[in-house]
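This report follows one protein chain from its sheet to the helices that pack against that sheet, and then to a single residue. Please keep the sequence and the structure open while reading.

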Amino acid sequence: MSAGYLARASERFAERGPKAIFDILSPVPSHLVNMLLDARLGNPRKSRGLYHRLIRTRENLARFPLTQGHHLVYFPFQDPTIYLGPDGTDPTHAPGPPYVRRMWAGGSLSFDDDWAEDMLLDNRAVRCIETVDSVRGSGNGNGVADEDSAGDKVYVDVRRRYGVAPWGDKAAAATLKSSFRSSITEVRSLVFLKKRVPSSEDLALLCQPPKLNSPRKPQSDKKPDFEMALTVDAQLLFHFSALTYNAHAIHLDPEYARNVEGYRERLVHGPLTLMLLMAALRRVIPWSRFVKSIKYRNIRPLYAGDRIRICVNEKLPPPLNSPIGDRTFTAWIEGPDGQTAVTGRARVRRTPPPRAERPPGWSVQWDTVAMNKGYEAAVANTQPHIGSKW
């Protein structure tokens, strides 16, 4: 493989151009996510009652935005499944041989201040614009992946922008224009590795149970402000794969995970770890605020059957350049051995007043004392908060 591998891969992605994916914001997928996670997080009846209240009247639907992080179960792979790769992944993200094994390395997520008014669960049409931002290697300081530099990884950054979309052929064509205003912006950092053939010694080690007596490495000097735990069983992985239309065999087939990929068990989805981080943050922040942005990294794999711990700490003081009222949190996930598997850093912002109620010249640096108290109280009443108040 020559040093121009990354350049050729970048050219192929550029030739494909942006891809438009359409969907409908039905409350059902979001409700199924809540049903899947709430029982494992200690509140099995909460989501069922909320869903029944949501679908009772059309008026109620128009008041509830998409739960932050739940966009991950919308906008699935929409081509015939015969076009999936041999491992069940979307081939349009792959840089090409010899990098054929895909993993979710991390990414970022940011929300427009008005996202809650745009992404309502009232069966509205929405769209996703997907592009490949960059292709980079890990072989040397220049990021060139070639045989001489022993580049063993190639990173592909996929950018997705989500927003409201009208239907029709002209609307579909206009979707690809740069003027598209996104309510949610996501970057998915995918890492591709070369094919691996585990030896008999490797397979013998993989069959051994994991060690659970490793010393805990705390993420911070103080106890987490909030933590929750759950067991990532095979049933959870299967249902999450179904909700996200994810056929990647590394999450579904234990023999494939062990004999082809070289892991002792099926791996936990990268999007699922992000959704768990967002769920923990929602337990901490009040409903009068929202997660403005989050950056996260998957440091080491989590496996089916692992008992994991999701933790959140507020990081004080907030950055000096933060808008008025912004707060910063660190969030992380620990594996059964106490080692950190996922790290994240999130910025939280006060929910702005509705567009119709904003005074002339309003900006994100609004006066928190003069904030619309009626709107804040309405949000608190319709979406009761179980965590601390600010």
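## Strand pairing and helix packing

In β3, the residue that serves as bridge partner of F22 is R127. The model in which this pairing is found is a predicted one, and the pairing belongs to a set of six bridges that join β1 to β3, the two strands running antiparallel.

These strands are part of an open sheet of 10 strands, whose order is β1-β3-β4-β5-β2-β7-β10-β9-β8-β6 and whose pairing is antiparallel. At the edges stand β1 (19-24) and β6 (226-232), each of which has a single partner strand, so that one side of each is left without a neighbour in the sheet. Neighbouring strands of this sheet are turned against each other by 25° on average, direction ignored.

The table gathers several of the strand pairs, with the number of bridges that join them.

| Strand pair | Bridges | Sense |
|---|---|---|
| β1 and β3 | six bridges | antiparallel |
| β3 and β4 | 11 bridges | antiparallel |
| β2 and β5 | 11 bridges | antiparallel |
| β2 and β7 | five bridges | antiparallel |
| β7 and β10 | nine bridges | antiparallel |

Individual residues help to locate these pairs in the structure. V135 stands opposite V156 in β4, and Y99 stands opposite K194 in β5. For S108 the bridge partner in β7 is K295, while R289 has R350 as its bridge partner in β10. Strand β2 deserves a separate remark: 11 of its 13 residues are buried, so β2 is largely enclosed by the rest of the structure.

Helices also lie against the sheet. Helix α1 (residues 5-16) lies across β2 (99-111), β3 (125-137) and β4 (153-164), and runs at about 165° to β3. Helix α10 likewise packs on the sheet, where it touches β2, β5 (184-194), β6, β7, β8 (306-315), β9 (327-334) and β10, its direction making about 145° with that of β7.

How many of the residues of α10 are buried? The helix is mostly covered, with 15 of its 15 residues buried. The length of α10 can be checked as well: at 1.5 Å a residue, its 15 residues should span 21 Å, and the end C-alpha atoms are 22 Å apart, which agrees.

A second helix meets α10. Two packed helices are described by the angle between their axes and the distance between the axes. The axes of helix α2 (residues 27-38) and helix α10 (residues 270-284) come within 12 Å and cross at roughly 80°. Since angles of 65 to 115 degrees count as roughly perpendicular, α2 and α10 are therefore roughly perpendicular to each other. On the α2 side the contact is made by V33, L37 and D38, and on the α10 side by L272, M275, L276 and R283. By class, this contact of α2 with α10 has five nonpolar residues, no polar residues and two charged residues.

Finally, is V232, a residue of strand β6, buried or exposed? With a relative accessibility of 0%, V232 counts as buried. Leaving aside its neighbours within four places in sequence, V232 is in contact with L237, V268, L272, Y303, A304, G305, D306 and I308. Of these contacts, I308 is 76 residues apart from V232 in sequence, and the two are 7.3 Å apart in space, C-alpha to C-alpha. L272, another contact of V232, is also one of the α10 residues that make the contact with α2.

Definitions and conventions. Residues are numbered from 1 along each chain as its sequence is written. This is a predicted model: local features need pLDDT of at least 70, side-chain atom pairs count only at pLDDT 80 or more; totals for chains, interfaces and linings use all residues. Side-chain values use heavy atoms; hydrogens and water are left out. Axes are lines fitted to C-alpha atoms, for helices over the stretch in contact, and angles run from 0 to 180 degrees between N-to-C directions. Helices (H or I, at least four residues) and strands (E, at least two) are DSSP runs, numbered from the N terminus. Angles under 35 degrees count as roughly parallel, over 145 as roughly antiparallel, 65 to 115 as roughly perpendicular and the rest as oblique. Contact means heavy atoms within 4.5 Å. Ala, Val, Leu, Ile, Met, Phe, Trp, Tyr, Cys and Pro count as nonpolar, Asp, Glu, Lys and Arg as charged, and the others, Gly among them, as polar. Two strands pair if DSSP finds at least two bridges between them. The expected span of a helix is 1.5 Å times one less than its number of residues. Buried means under 20% relative accessible area, exposed over 50%, partly exposed in between (1.4 Å probe, protein chains only).
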